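Please open the model in your viewer, with the side chains and the ligand displayed, and follow the selections below in order.

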Amino acid sequence: MTSITYASSATQPFSDEDLKALLIKARDNNSKLGITGLLLYKDGNFMQTVEGPEDAVRELYKKINADPRHTHILKLLEYEITERSFPTWGMGFRNLNDVGAKEIPGYSEFLNTGLTSPFFQKNPTKAQKLLLMFRQTMR
Ligand SMILES: Cc1cc2nc3c(=O)[nH]c(=O)nc-3n(C[C@H](O)[C@H](O)[C@H](O)COP(=O)(O)O)c2cc1C
């Protein structure tokens with residue numbers, strides 16, 4: 001299996017309804033493809049991990065890349081995995097603009113760092129750390 005993590009910038013502001021529609025579609029597709037992962041949204045930027053069978057993940061990443069709803073898509077990590085990081089989530093989601101995000105243990109380190117910040121490009125393992133932080137806190 002393969003895991004890909006990227007960050008991107010929305011080309012339009014996403015309302016809660018827009019995010020919900022995106023997630024419903026993504027979860028429906030991903031369950032058919034055996035893909036799991038986590039999507040973060042903050043200040044108009046995304047960070048996402050998609051994991052699963054190599055071919056399916058590569059195909060999906062191509063599709064996501066071509067999606068006009070976001071741009072400046074920057075791959076942070078791509079590596080082979082034998083075990084999933086987000087096995088129970090067809091696509092987990094967290095809006096970091098929501099009140100309460102501040103309370104997530106460990107998140108304070110990233111509070112003022114944009115998801116598309118060069119910091120994550122220089123320190124891709126920090127991107128992974130940020131995403132993994134949500135494993136414990138998500139429903
Ligand atoms: C930030 C972002 C994350 C996305 N994540 C997924 C995803 O995990 N799975 C998925 O199927 N589509 C995802 N999409 C949507 C795809 O780009 C594309 O619109 C969708 O897969 C098309 O599905 P269809 O071919 O069934 O119409 C995402 C789009 C954006 C902008």
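Start by selecting Lys63 together with the ligand: in this predicted model, an N or O atom in the side chain of Lys63 is 2.8 Å from an oxygen atom of the ligand. Add Asp67 to the selection, where an N or O atom of the side chain is 2.6 Å from an oxygen atom of the ligand. Then add Asn30, which places a polar side-chain atom 2.8 Å from a nitrogen atom of the ligand. How much of the 620 Å² that the ligand exposes when taken alone does the protein bury? The protein buries 82% of that area.

Next, widen the selection to the 15 residues around the ligand, of which Asn29, Asn30, Gln48, Lys63 and Asp67 come nearest. If you colour this shell by class, you will find seven nonpolar, four polar and four charged residues. Colouring by secondary structure instead brings out helix 1 (16-33), strand 3 (45-52) and helix 2 (54-65), each of which supplies at least two residues of the shell. The element that gives the most to the shell is helix 1, with five residues.

From the shell, move to Gln48, which has its place in strand 3. Is Gln48 buried or exposed? Gln48 counts as buried, because its relative accessibility is 6%, and the cut-off for that class is under 20%. Show Tyr6 as well, since the side chains of Gln48 and Tyr6 make a polar contact at 2.5 Å. Leaving aside neighbours within four places in sequence, the residues in contact with Gln48 are Ile4, Thr5, Tyr6, Leu38, Leu39, Ile64 and Met91.

Now leave the ligand and select the largest nonpolar core, a set of 19 residues in which Leu40, Met47, Tyr107, Leu130 and Phe134 have the most contacts inside the core. Strand 2 (36-42) and helix 4 (124-132) are the elements that give two or more residues to this core, and helix 4 gives the most, with three residues. Centre the view on Tyr107, which, leaving aside its neighbours within four places in sequence, is in contact with Lys42, Leu96, Ala101, Lys102, Leu130 and Met133.

As a last stop, select Leu39, Tyr41, Phe46 and Leu60, which are included in a second, separate core of 18 residues. With Gln48 still displayed, Leu39 can be recognised from the earlier stop as one of the residues in contact with Gln48.

Key:
Residues are numbered from 1 along each chain as its sequence is written. This is a predicted model: local features need pLDDT of at least 70, side-chain atom pairs count only at pLDDT 80 or more; totals for chains, interfaces and linings use all residues. Side-chain values use heavy atoms; hydrogens and water are left out. A nonpolar core is a set of buried Ala, Val, Leu, Ile, Met, Phe, Trp, Tyr and Cys residues joined through side-chain atoms within 4.5 Å. Buried means under 20% relative accessible area, exposed over 50%, partly exposed in between (1.4 Å probe, protein chains only). Helices (H or I, at least four residues) and strands (E, at least two) are DSSP runs, numbered from the N terminus. Contact means heavy atoms within 4.5 Å. A residue is near a molecule or strand if one of its heavy atoms lies within 4 Å of it. A polar contact is a pair of N or O atoms within 3.5 Å; within protein, one must be able to donate a hydrogen and the other to accept it, and residues adjacent in sequence count only if both atoms are side-chain atoms. Accessible areas come from the Shrake-Rupley method with a 1.4 Å probe; for residues, only the protein chains shown count as cover. Ala, Val, Leu, Ile, Met, Phe, Trp, Tyr, Cys and Pro count as nonpolar, Asp, Glu, Lys and Arg as charged, and the others, Gly among them, as polar.
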